[in-house]
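Reader: I am in my first year and would like a close look at one part of this structure. Please take the aromatic rings and follow them to whatever lies around them.

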Amino acid sequence: FVRNTVEADRYAIRDADWKYADVKAIIPLRCPEGHIADKSFSDFQQGTRCAICSGKAKHTSAFVRNTVEADRYAIRDADWEYVNNETIIPLFCPNGHMADKSFASFQQGRRCAICYFGEPTLDIAVNLGEARSLNRIADYIKQQFKRQSLGFNWTEAIAYLKKYLHPGVLKMYAKSYEGCHIDHIVPASWFDLTKEQELHACFDPGNLRVIPAVENLSKRNRLTLAEATKLPGRTLWALSHASYRPRSKEWDELARQGAEACLFLNKA
């Protein structure tokens with residue numbers, strides 16, 4: 001029965017003299033592709049098949065080496081051996097930077113931090129999380145400078161953000177939010193990010209929140225008057241600095257309230 005069952009799935013028992021003992025006994029199997037796929041009859045009945053064909057087999061050193069070299073990375077140690085997915089691989093990136101990381105990280109798309117963040121960012125940031133934050137925000141600001149045909153110095157921008165931006169904002173942007181986005185309550189497009197005061201207002205903690213990505217994408221760069229009337233003082237302060245906000249008696253009144261809230265907060 002066991003032999004007929006595995007052969008019906010195009011598997012073969014390698015040992016012609018093999019005898020069934022119980023459901024936990026290991027069957028010496030060969031899969032349809034010719035790989036050795038020994039397993040118990042219990043596992044076979046539960047649908048477990050060849051680990052190599054299913055992509056669940058433990059990687060070999062040769063496989064890992066071929067994978068990183070296909071992306072033009074090189075393993076510095078000729079004697080390096082793979083142990084598991086968390087084993088650190090001593091890597092050189094295509095540009096010659098040391099880029100050591102685990103194979104799990106490499107498979108997730110992580111590559112050379114210097115090539116990704118840039119040497120100026122890494123010199124200024126205290127860790128990769130902060131480097132990620134500084135780069136994300138600087139890239140956002142750079143787009144406005146570009147649209148206004150203004151020069152943009154990346155190193156100076158990174159240094160400025162590191163020195164003056166609220167630490168909580170850097171921590172916020174350092175994280176990855178699965179299925180969520182960081183949203184500017186008062187839309188970022190309402191601010192002139194080439195001006196310091198508006199930059200700080202746009203990226204003030206009171207103007208930032210994490211919301212579902214679907215909600216953020218549907219919101220786009222909108223904020224209705226009805227929504228704005230319910231905003232707390234600190235967010236209204238951000239609104240009061242937005243050059244490109246809507247102009248009307250109602251919006252101007254909200255901006256005035258925001259400016260007054262800021263004075264109150266400063267006195268407190």
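Author: What follows starts from one ring pair and works outward to the pockets, the core and a few loop residues. The model is predicted, and every value below is computed from it.

A search of the whole structure turns up 14 aromatic pairs. One of them joins Tyr140 and Phe203, whose ring centres are 6.1 Å apart with the planes at 90 degrees. Planes over 60 degrees apart count as edge-to-face, so this pair, at 90 degrees, is edge-to-face. The two partners come from distant parts of the chain. Tyr140 belongs to helix α8, which covers residues 128-147, while Phe203 lies in the loop between α11 (196-202) and β10 (208-212). The separation along the sequence is 63 residues.

The two rings can also be described by their exposure. Tyr140 has a relative accessible area of 40%, which makes it partly exposed. Phe203 has 1% and counts as buried. The cut-off for buried is under 20%.

A second pair serves for comparison. Tyr160 and Tyr164 have ring centres 4.7 Å apart and planes at 45 degrees, so the pair is tilted. Here the partners share helix α9 (residues 154-164), and because they are four residues apart in that helix, about one helical turn separates them. Tyr164 is partly exposed, at 45% relative accessibility.

Elsewhere, ring pairs connect Phe1, Trp18, Tyr20 and Phe41 into a cluster. Rings also meet charges. The charged end of Arg76 sits over the ring of Phe92, at 5.3 Å from the ring centre. Likewise, the charged end of Arg111 sits over the ring of Tyr73, at 6.0 Å from the centre of that ring.

Now back to Tyr140, and to the largest pocket. This pocket holds about 490 Å³ of space. Its lining has 20 residues, and those closest to the pocket centre are Tyr140, Ile182, His184, Asn216 and Arg220. Tyr140 is therefore both a partner in the edge-to-face pair and one of the residues closest to the centre of the largest pocket. Two or more lining residues come from each of α8, β9 (180-184) and α12 (213-219). β9 provides the largest share, five residues. Sorted by class, the lining of the largest pocket contains eight nonpolar, six polar and six charged residues.

Arg220, also listed at the centre of this pocket, has a backbone feature of its own. Arg220 is not a glycine, yet its phi is positive, at about 55 degrees. Its place is the loop between α12 and α13 (225-228). With a relative accessible area of 64%, Arg220 is exposed. Ser149 also has a positive phi of about 55 degrees without being a glycine. Ser149 is in the loop between α8 and α9, and it is exposed, at 68% relative accessible area.

The second largest pocket brings back another residue named above. Its volume is about 420 Å³. There are 14 lining residues, with Arg110, Arg111, Tyr116, Phe117 and Leu128 nearest the centre. Arg111 thus appears in this lining as well as over the ring of Tyr73. At least two lining residues come from each of α6 (113-117) and α8. By class, the second largest pocket is lined by six nonpolar, four polar and four charged residues.

Phe203, the other half of the first pair, leads to the largest nonpolar core. This core has 37 residues, and the members that touch the most others are Ile137, Leu161, Phe191 and Phe203. Elements giving two or more residues to it are α8, α9, α10 (167-174), α11, α14 (233-240) and α15 (249-267). The greatest contribution comes from α8, with six residues. Helix α8 therefore recurs through this account: it holds Tyr140, gives residues to the lining of the largest pocket and of the second largest pocket, and gives the most to the core.

One last residue lies outside this picture. Arg10 is in the loop between α1 (2-8) and β1 (12-13). Arg10 is exposed, with 59% relative accessible area. From Arg10 to Arg30 there are 20 residues in sequence, and 9.0 Å in space from C-alpha to C-alpha.

Methods:
Residues numbered from 1 in each chain as written. Predicted model: local features only at pLDDT ≥ 70, side-chain atom pairs only at ≥ 80, totals over all residues. Heavy atoms only, no water. Phe/Tyr/Trp six-rings, centres within 6.5 Å; stacked < 30°, edge-to-face > 60°. Buried < 20%, exposed > 50% of the residue type's maximum accessible area, 1.4 Å probe, protein only. Lys NZ or Arg CZ within 6 Å of the ring centre and 35° of its normal. 1 Å grid on protein atoms, 1.4 Å probe; cavity = no way out; pocket = protein on both sides within 12 Å on 5 of 7 lines; lining within 4 Å. Points joined across faces, edges and corners; volume = space filled by probe spheres on them. Nonpolar A, V, L, I, M, F, W, Y, C, P; charged D, E, K, R; others polar. Core = buried A, V, L, I, M, F, W, Y, C linked by side-chain atoms within 4.5 Å.
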